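The following account is intended for a reader who meets this structure for the first time. It is best read with the model in view.

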Amino acid sequence: MTAAISAEKLTKRYGDHTVVRDLSFTVDPGTIFGFLGPNGSGKSTTIKMLCGLVRPNSGSGAVAGFDIEREDDGVRRSIGYVSQSFALYEELTVRQNLEFYGRAYGLDALRRSQRKQAVIDLTGLARYADTLARNLSGGWKQRLALASALLHEPRVLFLDEPTAGIDPVARRELWDLLFKLASDGATLFVTTHYMDEAERCSRLGYIFDGDLIALGTLDELRALPGIAPPGTVRFRVSTHNVMAAFARARSIDDVRDVTIFGRDLHIVAAASVDEARLRTELGPAAGGIDEIARIEPSLEDVFVALTREHGAA
Amino acid sequence: MRRSFDVRGFRAVLYKEVIHVVHDRITLILALMLPLIQLLLFGWAINTRVEHISAAYFDEDHGVAAVQLLDAMRASDEFDLVYRAASRDDLRTRIVSGRVRVAIDIPPNFTADVRAGRQAQLQVLIDGSDSSIAQEALAAATGIGQAVSLELHGGGVPLIDVRPRMLFNPSLRSANFLVPGLIGVIMQLITIFLTALSIVGERERGTLDQLLVTPIGTTGLMLGKIAPYAVIGFVDFLAVLGAMRFIFNVPIAGSVWLLLLLAMGFLIASLGLGLLISSVARTQAQAMLMAFGVMLPSILLSGFFFERDAMPLVMQWIGYAIPLTYFLEILRGIVLRGETMSSLWPSVTAMLALGTALLVVASVRFAKSTT
């Protein structure tokens with residue numbers, strides 16, 4: 001099976017600043033690849049290189065079997081791109097936006113009307129068909145952007161933070177759509193800051209300061225040595241006074257790492273530490289412990305650990 | 001590599017742009033009305049009647065006819081007789097130094113000639129630097145000469161022969177001279193602004209990237225973007241040309257068809273400039289400032305206001321890089337002098353070459369600025 005997307009030592013520099021450094025990875029057809037990383041770490045630049053909008057300084061890449069530099073016309077015909085800014089024409093109606101992109105992709109009149117109807121049905125835009133794009137809410141604008149990107153039935157779809165700034169319901173519905181597309185055989189490359197979204201991806205890549213520092217399935221990432229060092233266990237501690245418990249936990253010798261998640265602490269400790277000991281040690285300082293449980297590292301744990309590790313290095 | 005031109009891409013962009021233009025009523029109305037309004041404003045401002053032109057006189061005659069003539073001038077709204085010269089040299093110095101606009105020279109035998117029924121010559125020197133003042137002075141002096149002549153002698157051939165002489169600007173630029181130039185200036189203004197803002201607007205909204213991931217080639221994209229503005233620019237041209245002909249009564253001496261054809265050539269050059277700006281500017285505010293940056297030299301160095309021959313050589317060279325310079329030659333040549341291709345071809349060739357060069361450079365820059 002050839003990869004739907006592949007990158008081999010992709011590098012992009014602006015002046016002295018290297019935005020993306022030696023990026024290598026592959027994405028299998030029909031999967032959703034989650035591309036994560038802090039703001040400014042090189043996510044959008046990577047997408048733009050793969051879409052042919054930005055030329056890499058070195059390295060190579062292929063999308064849907066087309067070389068991103070030499071066969072960028074082929075790339076363009078095979079991909080859909082949904083940018084952060086929902087690139088729509090606000091003065092055009094939903095239908096006119098779709099008509100325009102249908103023409104831009106060179107679909108003939110018959111195919112255009114079939115595809116318009118298909119994407120309108122898929123995204124549920126029918127009742128807004130004659131609404132000006134400007135008057136749509138954020139979630140619907142995003143659906144229109146997605147619909148526009150799907151008109152030419154792209155095999156690979158790039159989505160740059162597609163759910164930024166839209167409400168949780170719209171977010172969930174959009175993801176249901178993405179799953180449907182993937183199950184129909186499309187390959188999706190998605191960037192996001194939402195961990196719940198990232199956890200739904202087939203595979204993940206984490207880029208930090210231009211370097212791809214982690215790549216794999218969720219389980220593979222959880223098992224990274226930096227995340228789950230051998231001989232350690234991970235606990236979630238719910239308590240009333242998180243800050244006091246946090247300070248106390250950090251002073252325990254066998255505790256390797258403590259992170260606050262809302263009203264919980266996530267504690268990485270030596271395997272010798274158990275629930276009873278934590279309850280005894282933290283209880284008095286925190287004014288009581290509600291719950292202690294052994295947990296698997298969450299994706300957020302993974303990224304906090306990776307970012308710390310590389311930020312320190 | 002990106003395919004350079006795709007007809008379907010061009011038509012797709014055109015489809016969208018036409019909807020844009022039609023939906024954006026305010027911009028459309030402004031784009032169509034502003035040129036006409038500007039022409040009327042400028043045109044009428046140029047045509048404003050001039051009064052109280054300062055004049056000096058030298059009366060070597062001292063006779064009744066001379067006194068009557070000078071009284072008539074004092075009584076008129078047009079002239080203020082501010083200085084009585086002691087000699088002919090003194091009179092000349094006054095006007096050369098710019099302290100008066102008009103100098104009236106009454107020769108010694110003026111009254112005697114009129115009495116004897118002979119034609120009496122009246123020398124009127126006019127400072128032609130300001131065409132509107134000069135024209136008014138000319139008309140008023142001639143009128144007053146005829147009126148006084150009539151009073152003194154009744155009907156028949158006027159006995160006072162007013163001999164006007166234009167100083168400093170013998171060709172005397174008139175509204176006929178300025179209005180055709182204005183058309184060129186306004187055309188350039190509107191096309192540069194519309195194109196630059198429309199394309200930079202896409203960049204600002206982030207839709208440019210979206211267009212560039214489609215198979216639309218950059219050429220198709222650019223042509224589709226500028227075609228509607230070329231049409232608007234041409235409609236504007238027809239409107240202001242009509243206004244020139246029928247409101248300002250400037251007759252078109254040469255071929256209207258040739259003028260329309262060459263106007264299209266000028267539009268291409270103008271759109272090229274707009275495109276060039278849009279390949280550099282990142283925001284609409286930048287595009288506006290750059291458009292202004294192009295407009296001022298165009299107005300100042302193209303020969304619209306100031307005689308190009310009188311400029312320093314460097315300024316003349318800069319003028320050669322401005323399409324408007326050539327279009328003004330063409331406009332004035334056809335409208336005022338009835339020129340044809342046989343004499344216009346150097347300007348036409350230069351304008352088209354410059355326009356093509358601008359368009360090519362802009363396309364290359366635009367394509368580069370997008371990857």
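The paragraphs below treat the chains in turn, then the sheets and helices of chain A, and lastly the contact between the chains.

The model shown here is predicted. Chain A has 313 residues, of which 46% count as buried. Its secondary structure consists of 11 helices and 14 strands. Among contacts in chain A between residues at least 6 apart in sequence, 69% join residues at least 24 apart. Chain B has 371 residues, and 43% of them count as buried. In chain B there are 14 helices and five strands. When contacts in chain B between residues at least 6 apart in sequence are considered, 80% join residues at least 24 apart.

One sheet of chain A may be taken as a starting point. It is an open sheet of six strands with mixed pairing, and its order is S6-S7-S8-S3-S9-S10. S6 and strand S10 (211-216) of chain A stand at the edges; each has a single partner strand, so one side of each is left without a neighbour in the sheet. From one strand to the next, the twist averages 15 degrees. At the S10(A) edge, strand S9 (residues 203-208) of chain A runs antiparallel to S10(A), and five bridges join the two. Within this pair, Phe208(A) stands opposite Asp211(A) in S10(A).

Helices pack against this sheet. Helix H1 (residues 43-51) of chain A touches strand S3 (32-36), S6, strand S7 (156-160), strand S8 (187-191) and S9 of chain A, and its direction makes about 155 degrees with that of S7(A). Helix H6 (residues 168-183) of chain A lies across S3, S7 and S8 of chain A, where it runs at about 150 degrees to S8(A).

Another open sheet of chain A has four strands in the order S12-S13-S11-S14, with antiparallel pairing. Its edge strands are strand S12 (255-261) and strand S14 (289-294) of chain A, each of which pairs on one side only. Direction ignored, neighbouring strands of this sheet are turned by 20 degrees against each other on average. Strand S11 (residues 232-239) of chain A and strand S13 (residues 264-270) of chain A run antiparallel and are joined by seven bridges. Here Val233(A) has Ala269(A) in S13(A) as its bridge partner.

This sheet, too, carries helices. H9(A) packs on the sheet by touching S11, S12 and S13 of chain A, with its direction at about 165 degrees to that of S12(A). H10(A) touches S11 and S14 of chain A, and its direction makes about 150 degrees with that of S14(A).

How do these helices meet each other? Helix H9 (residues 242-250) and helix H10 (residues 275-286) of chain A pack at an angle of about 140 degrees, and their axes are 8 Å apart. H9(A) is therefore oblique to H10(A). The crossing of H9(A) past H10(A) is right-handed. H9(A) contributes Ala244(A), Ala245(A), Arg248(A) and Ala249(A) to the contact, while H10(A) contributes Glu281(A), Leu282(A), Ala285(A) and Ala286(A). By class, the residues of this contact are six nonpolar, no polar and two charged.

The contact between the chains remains to be described. Chain A gives 23 residues to it and chain B gives 23 residues. On the side of chain A that touches chain B, helix H2 (72-78), strand S6 (79-82) and helix H3 (94-104) of chain A each supply at least two residues. H3(A) provides the largest share of that side, namely five residues. The side of chain A that touches chain B comprises 12 nonpolar, four polar and seven charged residues.

Notes: Residues are numbered from 1 along each chain as its sequence is written. Chains are lettered from A and ligands numbered from 1 in the order in which they are written. This is a predicted model: local features need pLDDT of at least 70, side-chain atom pairs count only at pLDDT 80 or more; totals for chains, interfaces and linings use all residues. Two residues are in contact if their C-beta atoms, placed from the backbone, lie within 7 Å. Ala, Val, Leu, Ile, Met, Phe, Trp, Tyr, Cys and Pro count as nonpolar, Asp, Glu, Lys and Arg as charged, and the others, Gly among them, as polar. A residue is buried if 20 or more other C-beta atoms lie within 10 Å of its own, exposed if 12 or fewer, and partly exposed in between; C-beta atoms are placed from the backbone. Two strands pair if DSSP finds at least two bridges between them. Axes are lines fitted to C-alpha atoms, for helices over the stretch in contact, and angles run from 0 to 180 degrees between N-to-C directions. Angles under 35 degrees count as roughly parallel, over 145 as roughly antiparallel, 65 to 115 as roughly perpendicular and the rest as oblique. A crossing is left-handed if the near helix is turned anticlockwise from the far one by less than a right angle, and right-handed if clockwise.
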